[in-house]
Amino acid sequence: MPYTSPPRPVDLTAIVPGLAEYARTATRLHPRPGSPSVHESSVGGPLLWPVDEPWPHCPGDHWDVGQDGPDPMPLLPIAQVYLRDAPSLPHPEGVDLLQLMWCPTQELTSNDGTADGHVQVFWRRAVDVVDVLTDPPTPPRGSVFPDHVPNVCIVHPEQVVEYPTRSWMPPALSDQVEAWEESFGEGPSAYRYNGLAVARGVKVGGWAVPETFWGPAGFGYFKCPCGAPQEALISFDDEWDGDTTWRPIEDSHDDSYEYRKASQMATGLVIGRGYSLQTYYCTKSWDHPIARYMQ
């Protein structure tokens, strides 16, 4: 079934007309429990992986220490996104499939953004994969951090329009947004621009979330080691938060914990103590590793 984000409660471009030129399209994946095939986009599902291509492993400092000594730790499939489902997906020329994997250890939640191999992205043309690997290696159960192992989910892609948060916009626009927010004062009825401008959930493309774990961030913060700016690629978060601004219309009929667990928290991922994890790509070269930030 389709999932639909509620219309924004206010027209942000009417409040600050200059925002219109900064609009970006993001794809909310709306993962829900299911049984995807390798030919479908998914979270935590099987990958369209060539049988003759070696399965990637965690960096050399991560090992499974078993009876026969240390063995390299296989990476864990996290997301597979076909371009047909997410036209807004940033991608290298000539490919139509993104596959993201990570090392399911607690180190994943470090906040330095280092592109150290714990999170890796693979690009390919789906048509090139003829013989598919059907029995990929899996990390040993006792060696993984359970909160970083997603439930297997099918996805229900939806295109949404986003605008930059205050940290990512020119100062003049930020001042206009601040003045608008102040006009509402404090309290439950007060609007907060950042929460309205950037979508929640598992999404690809669009704008970055408003802050890093330790404070505001903007254009000058996210940079590749080569010096080029980084942009948002794919992020992982709950479908909505306490104010329900981004809760899909189709999920608004049931506030029970059981239902929320299967919708708001469908992936079962817990990043840190309830934060989101966003990955960034280098705008200069797709050959450069992606970075990760807990936010």
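Helices (H or I, at least four residues) and strands (E, at least two) are DSSP runs, numbered from the N terminus. The model is predicted, so local features need pLDDT of at least 70 and side-chain atom pairs count only at pLDDT 80 or more, while totals for chains, interfaces and linings use all residues. Residues are numbered from 1 along each chain as its sequence is written, and side-chain values use heavy atoms, with hydrogens and water left out.

**Exercise 1. The loop residue G268**

Task: State where G268 is found, whether G268 is buried or exposed or in between, and which residues G268 is in contact with.

Solution.
- Step 1. G268 is found in the loop that runs between α4 (257-263) and β15 (277-282).
- Step 2. Buried means under 20% relative accessible area, exposed over 50%, and partly exposed in between (1.4 Å probe, protein chains only). The relative accessible area of G268 is 32%, so G268 is partly exposed.
- Step 3. Contact means heavy atoms within 4.5 Å. With neighbours within four places in sequence left aside, G268 is in contact with D147 and N151.
- Step 4. For D147, the separation from G268 is 121 residues in sequence and 7.0 Å in space, C-alpha to C-alpha.

**Exercise 2. The chain as a whole**

Task: Describe the protein chain by its helices and strands, its buried residues, its contacts and its exposed area.

Solution.
- Step 1. The protein chain has four helices and 16 strands.
- Step 2. It has 295 residues, and 49% of them count as buried.
- Step 3. Take the contacts between residues at least 6 apart in sequence: 77% of these join residues at least 24 apart.
- Step 4. Accessible areas come from the Shrake-Rupley method with a 1.4 Å probe, and for residues only the protein chains shown count as cover. About 13700 Å² of the protein chain is exposed, with 53% of it supplied by carbon and sulfur atoms.

**Exercise 3. Aromatic pairs**

Task: Find how many aromatic pairs there are, and describe the pair of W49 and W55 and the pair of W102 and F236.

Solution.
- Step 1. Rings of Phe, Tyr and Trp (its six-membered ring) pair if their centres lie within 6.5 Å; planes under 30 degrees apart count as stacked, over 60 as edge-to-face and the rest as tilted. By this rule there are seven aromatic pairs.
- Step 2. W49 and W55 form a tilted pair, with 5.1 Å centre to centre and 55° between the planes. W49 has a relative accessible area of 1%, so W49 is buried. W55 counts as buried because its relative accessibility is 10%.
- Step 3. W102 and F236 form an edge-to-face pair, at 5.4 Å centre to centre and 70° between the planes. This pair links distant parts of the chain: W102 lies in strand β7 (residues 97-102) and F236 in strand β14 (residues 230-236), 134 residues apart. Both W102 and F236 are buried.

**Exercise 4. An aromatic cluster**

Task: Name the residues that form one aromatic cluster with W49, and give the surroundings of F122 and W49.

Solution.
- Step 1. One aromatic cluster is formed by W49, W55 and F122.
- Step 2. F122 sits in strand β8 (residues 119-124). Its relative accessible area is 17%, so F122 is buried.
- Step 3. Not counting residues up to four places away in sequence, F122 touches W49, P56, L97, L98, Q99 and M101. F122 and L98 are 24 residues apart in sequence and 5.9 Å apart in space, C-alpha to C-alpha.
- Step 4. W49 is in the loop between β3 (42-43) and β4 (63-66). Not counting residues up to four places away in sequence, W49 touches residues including P54, R124, V129 and L133.

**Exercise 5. The largest cavity**

Task: Give the space in the largest cavity and the classes of its lining residues.

Solution.
- Step 1. On a 1 Å grid over the protein atoms alone, a cavity is a set of points where a 1.4 Å probe fits but cannot get out; lining residues have an atom within 4 Å of a point. Grid points are joined across faces, edges and corners, and a volume is the space filled by probe spheres set on the points.
- Step 2. The structure holds one cavity of 30 Å³ or more, and about 40 Å³ of space lies in the largest cavity.
- Step 3. Residues that line the largest cavity include P31, V202, D237 and T267.
- Step 4. Ala, Val, Leu, Ile, Met, Phe, Trp, Tyr, Cys and Pro count as nonpolar, Asp, Glu, Lys and Arg as charged, and the others, Gly among them, as polar. The lining of the largest cavity divides into four nonpolar, three polar and three charged residues.

Methods: 1 Å grid on protein atoms, 1.4 Å probe; cavity = no way out; pocket = protein on both sides within 12 Å on 5 of 7 lines; lining within 4 Å.
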